[in-house]
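Student: I should like to learn how to read the features of a protein model. May we go through one together?

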Amino acid sequence: MKMESYDIIIAGAGPAGLTAAVELSKEFKVLLIEKHKPGTTNATWYSYADRAKEYGLDDAVAVRTDYIKFTSPSETHFMRDDCVIFDHNKVMEIWLNRARTNGVEIRQEDFLDYQNVENGIVVKTNKGKYSAPLLIDAMGINSKIVQKNDLIKRKDAWVIYGARVKNVDFEKPQQLEYYPLNDDANTYVGIHPVSNTETNFYLFKGEKNTLGNPEELKEKFEEVLKKTQPNAEKLETLSGTIVSGSLKKYALDNIIFFGSSGMLNPDGCGMGFNEILKKHRIFSAAISKAMKGNRLDQKNLEKVAEKLRDQEVIHFQKIIGAFSLYFIKSTSKWDGGVKWLNAMGDDSKNWMRNEMDLKWLKKANIRLHSSIPITETVKMIPLDELPFIMGQLVRFTHKALLSKIKEGVKLPSEVLKVLPGLPGLKSRETDE
Ligand SMILES: Cc1cc2nc3c(=O)[nH]c(=O)nc-3n(C[C@H](O)[C@H](O)[C@H](O)COP(=O)(O)OP(=O)(O)OC[C@H]3O[C@@H](n4cnc5c(N)ncnc54)[C@H](O)[C@@H]3O)c2cc1C
């Protein structure tokens, strides 16, 4: 039997695979392989009004709200922003229709394996074999390609289990809300209202060095639902994992990762869907260039992946990520996290949006250091990040001391002796 060939094969039709397929099919012959019914998902997403508009998803908006509410035992923080909660089924339907209109060939098949051949890849599914010069792996966190090549270097995760429910009785059904369960189990409650009568209600748990298992939250979720919303009726299960981590390689010869398979979520933020929304056009444009220049070897494809990652920002994000996981260790630590968000004021929304530049990250980093004891910081940060963190602390201390001098505070002579020699002042001053 003749093997069918394409320009690009995309494995996985979640947000990453579908958005890349829609863009790339404008120029290339694309095959999209999905093992489940294409256009379905167990996830649910909130985003922002400007992004919904920019990416043509206004018709999929279920609810608009002007803040996200974080509650701790002692404080509340409202992150002011124009947020939208999507009807995830409508988002998937819109993308699937766009892909079909652009001529993407969509097959419901299970990707089993691949083989490198001259000038490309042969993909084997449960139903056949297909060839192309490029394979985009968008199979999410359990990608067979990532597993086969043992590519995961570091992984943390938010594990989620819940349901879309109706007949609920929340105080204000229109708010997007997060709060800790009243125990020390690292488990939190998320509420995404989708109408006056239906709400996405779920538990999420922060995991370190593991991808976790959403099913393990099932029992707890049923218990919480029964206790807090005794009349609720379950309509649809929501479950999955938001991963943040890094890979040993971001591409192989003729293969590149996009979405969760590439661990492209920023650390600690868990903005998977939003990241994909923001990056799929940059990614697709870079892929188009690589295709046209026939630069599909690992080295050149790694450059495409690098376009999605600014090394220094990633470095800072790792630190913020470590702190975020610290804040969810227990209810009292979550309290500290809410205090930190409050201290960031209006700026804190950039964190959830992942619209963080270096200046913002440095500011946030310094605030974090001032709210967590140094002994805790040292325990929390991986050894290879320590010099960087210490550098930040020295800069912070230096700046604080100088501002005291400017205020006319008389500093002890031991401090004045070392002050002029402290490193880093020049670069910090030019940063700001
Ligand atoms: C309940 C929940 C709430 C969330 N909330 C948010 C949010 O508010 N904001 C946000 O930004 N992110 C959120 N996320 C995270 C977001 O959903 C994910 O980051 C996003 O779905 C990742 O997209 P992806 O396409 O990379 O992977 P996935 O969505 O996992 O898609 C991978 C696809 O590949 C398919 N596949 C896997 N293996 C094979 C195979 N062998 N053959 C063929 N197909 C295969 C799968 O069936 C799947 O369709 C949430 C997730 C969950 C579960």
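Tutor: The discussion below takes up a helix, a strand residue, a surface patch and two loop residues. Please keep in mind that this is a predicted model.

Student: Let us begin with helix 5. Which residues of helix 5 are buried?

Tutor: A residue counts as buried when its relative accessible area is under 20%. In helix 5, which spans residues 218–228, Phe-221, Val-224 and Leu-225 are buried. Viewed down the axis of helix 5, the buried residues fall within an arc of 100°, so they line one face of the helix.

Student: Which exposed residues does the face of helix 5 turned away from its buried side carry?

Tutor: That face carries Glu-219, Lys-226 and Lys-227, which are exposed.

Student: What covers the buried residues of helix 5?

Tutor: The cover includes strand 12 (152–166), strand 15 (198–208) and strand 16 (233–247).

Student: I turn next to Thr-65. Where is Thr-65 placed, and is Thr-65 buried or exposed?

Tutor: Thr-65 belongs to strand 5, residues 61–71. Its relative accessible area is 9%, and the cut-off for buried is under 20%, so Thr-65 is buried.

Student: Which residues is Thr-65 in contact with, leaving aside its neighbours within four places in sequence?

Tutor: Contact here means heavy atoms within 4.5 Å. With those neighbours set aside, Thr-65 is in contact with Asp-81, Asp-82, Cys-83, Ile-85, Gln-174, Gln-175 and Leu-176. In addition, the side chain of Thr-65 reaches the backbone oxygen of Tyr-67 at 3.5 Å.

Student: Let us move to the surface. Which residues make the nonpolar surface patch of about 220 Å²?

Tutor: Ile-374, Val-378 and Met-390 make that patch. One of them, Ile-374, lies in helix 12, residues 374–380. Ile-374 is partly exposed, with a relative accessible area of 44%.

Student: Finally, I would ask about backbone angles. What is the phi of Asn-119, and where is Asn-119 found?

Tutor: The phi of Asn-119 is near 60°, which is a positive value in a residue other than glycine. Asn-119 is found in the loop between strand 8 (111–117) and strand 9 (120–125). With a relative accessible area of 66%, Asn-119 is exposed.

Student: What is the phi of Asn-209, and where is Asn-209 found?

Tutor: Asn-209 has a positive phi of about 60°, although it is not a glycine. Asn-209 is found in the loop between strand 15 and helix 5. At 54% relative accessibility, Asn-209 counts as exposed, the cut-off for that word being over 50%.

Conventions
Residues are numbered from 1 along each chain as its sequence is written. This is a predicted model: local features need pLDDT of at least 70, side-chain atom pairs count only at pLDDT 80 or more; totals for chains, interfaces and linings use all residues. Side-chain values use heavy atoms; hydrogens and water are left out. Buried means under 20% relative accessible area, exposed over 50%, partly exposed in between (1.4 Å probe, protein chains only). Helices (H or I, at least four residues) and strands (E, at least two) are DSSP runs, numbered from the N terminus. The arc is that of the directions from the helix axis to the C-beta atoms. A polar contact is a pair of N or O atoms within 3.5 Å; within protein, one must be able to donate a hydrogen and the other to accept it, and residues adjacent in sequence count only if both atoms are side-chain atoms. Patches are made of residues with over 30% relative accessible area and no salt bridge: like charges are joined within 9 Å, nonpolar side chains (Val, Leu, Ile, Met, Phe, Trp, Tyr) within 5 Å. Accessible areas come from the Shrake-Rupley method with a 1.4 Å probe; for residues, only the protein chains shown count as cover. A salt bridge is a side-chain nitrogen of Lys or Arg within 4 Å of a carboxyl oxygen of Asp or Glu.
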